[in-house]
Amino acid sequence: RHQGLATGLTGGADDRLGIAQAQLDRFARMPIDPAAVAELSINTTSDYMKLWQSSWMSMCGGEAQPVVTPAKGDGRFKDEEWQSSFVFDYIKQSYLITSRHVQDAVAGVREMPEESKKKVAFFTRQYLDALAPSNFALTNPQVLRETLASGGQNLVKGLDNLLGDIEKGGISMTDEKAFKLGKNVATTPGKVVFQNDLMQLIQYAPSTGEVSRTPLIIIPPWINKYYILDLREKNSFIKWAVDQGHTVFVISWVNPDARLAAKGFDDYMLEGPLAALDAVEKATGEKKVNFIGYCLGGTLLGCMLAWLAARGDERARPATFFVALLGFSQPGELGWARCGGQPAG
């Protein structure tokens, strides 16, 4: 019965993440404990009564302690007016009270499957975050001040940016015209020494009189550009490694299109680090290679090391991993994400 309702809620679409089903699990179990529902209602009403009382005191010039305060590290309400103005203080506290009690209600549902509980908690938090008053111009004091000061030009500029993003088909997080490869990003000198369908292999020019005999291959994630570790000279890991005398190679993954639709994880291993091993040996004459795997590149590196070990291949020397996930048994609250209807992990 629930599955049919879930299908109806999603308009007949495939509920691949099981969101509708999880919400139905919650709705079905919330009335089981009337005492808990009554307690939630009483606590929420009590908090709002306290807020109304403290707001009246603030409006009349008195001192009042806040009913609820933002969590430590919550940057949404750092502007002074969220505290000094009783109007914005009321808006802020109203939101925080509602957010807290909604999340408490979700967390307090009993006898709900653990998978459904995680889904509901995660998407409830995203929904509440999206409704934060700091996200709306009319309830954000900082935006209102800037709008008055600029005569509305900030809103016009924002609209222009939105239209530009729509035209490009994606959201820009930075000024794309401010960066140019080789000028103020990816400034470490290097050249492509090998390429195939999935990647180009870049070898960086030495900056020391002597270099280490053992080459270093860096495998970045294929969701980032190769210069994620070579952004600027002062914070470039690649430049630092070159300056220490390492012979550095970095894999630069291609942006996949329809031609590569049939490529899988095994192809990325075979045509990525394994192909790089052969190319580096050809370029340097060295069989032994050091590796660094960054993020998903580290996951790929771990799989390659296991593949080499199973074949008795000892070309890979000690490897270093940067924030790389190797064990997926506990991937966190997103571990319930489904692929083809099956739980991930």
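Buried means under 20% relative accessible area, exposed means over 50%, and partly exposed lies in between, with a 1.4 Å probe and protein chains only. By that rule alanine 186 counts as buried, because its relative accessibility is 10%.

This is a predicted model, where local features need pLDDT of at least 70, side-chain atom pairs count only at pLDDT 80 or more, and totals for chains, interfaces and linings use all residues. Residues are numbered from 1 along each chain as its sequence is written, and side-chain values use heavy atoms, with hydrogens and water left out.

Start with the whole chain. It has 12 helices and 8 strands. Both are DSSP runs numbered from the N terminus: H or I over at least four residues for helices, E over at least two for strands. Of the 345 residues, 32% count as buried. The accessible surface comes to about 21000 Å². Carbon and sulfur atoms hold 57% of that surface. Areas come from the Shrake-Rupley method with a 1.4 Å probe, and for residues only the protein chains shown count as cover. A contact means heavy atoms within 4.5 Å. Among contacts with a separation of 6 or more, 70% join residues 24 or more positions apart.

Now the interior. In soluble globular proteins, nonpolar side chains tend to be buried together. A nonpolar core is a set of buried Ala, Val, Leu, Ile, Met, Phe, Trp, Tyr and Cys residues joined through side-chain atoms within 4.5 Å. The largest such core has 23 residues, and Leu201, Ile217, Ile219 and Phe291 touch the most other members. The elements that give it two or more residues are β2 (199-204), β3 (216-219), β4 (248-253), α10 (265-271), α11 (273-284), β5 (289-294) and α12 (296-310). Helix α11 gives the largest share of this core, 6 residues. Take isoleucine 217 as a way in. Leaving out residues up to four places away in sequence, isoleucine 217 touches Phe249, Ala276, Leu277, Val280, Val289, Asn290, Phe291 and Ile292. Apart from this core lies another, of 15 residues, with Val185, Ala186, Ile238 and Val242 among them.

Return to alanine 186. It sits in the loop between α8 (153-168) and β1 (190-195). Its phi is near 55°, a positive value in a residue other than glycine. Valine 323 also has a positive phi, about 35°, although it is not a glycine. Its place is the loop between β6 (316-322) and β7 (338-339). Is valine 323 buried or exposed? Valine 323 counts as exposed, because its relative accessibility is 68%.

Three more residues lead through earlier parts of the chain. Valine 37 lies in helix α3 (residues 34-59). Its relative accessible area is 39%, so valine 37 is partly exposed. Its C-alpha is 9.5 Å from that of valine 109, and the two are 72 residues apart in sequence.

Glutamine 93 belongs to helix α5 (residues 86-107). With a relative accessible area of 1%, glutamine 93 is buried. Beyond its neighbours up to four places away in sequence, glutamine 93 touches Leu51, Pro66, Val67 and Val68. Tyrosine 48 is 45 residues apart from glutamine 93 in sequence and 9.2 Å apart in space, C-alpha to C-alpha.

Serine 134 is found in the loop between α6 (114-130) and α7 (141-150). Its relative accessible area is 14%, so serine 134 is buried. Leaving aside neighbours within four places in sequence, serine 134 is in contact with Arg76, Trp82 and Asn140. The C-alpha atoms of serine 134 and isoleucine 91 are separated by 9.8 Å, with their positions 43 residues apart along the chain.

Last, the open space. A pocket is an open set of points on a 1 Å grid over the protein atoms alone, where a 1.4 Å probe fits, with protein on both sides within 12 Å along at least five of seven lines. Lining residues have an atom within 4 Å of a point. About 310 Å³ of space lies in the largest pocket. Of its 16 lining residues, Asn224, Lys225, Tyr227, Ile228 and Leu231 are the closest to its centre. The lining has 10 nonpolar, 3 polar and 3 charged residues.

Terms used. Points joined across faces, edges and corners; volume = space filled by probe spheres on them. Nonpolar A, V, L, I, M, F, W, Y, C, P; charged D, E, K, R; others polar.
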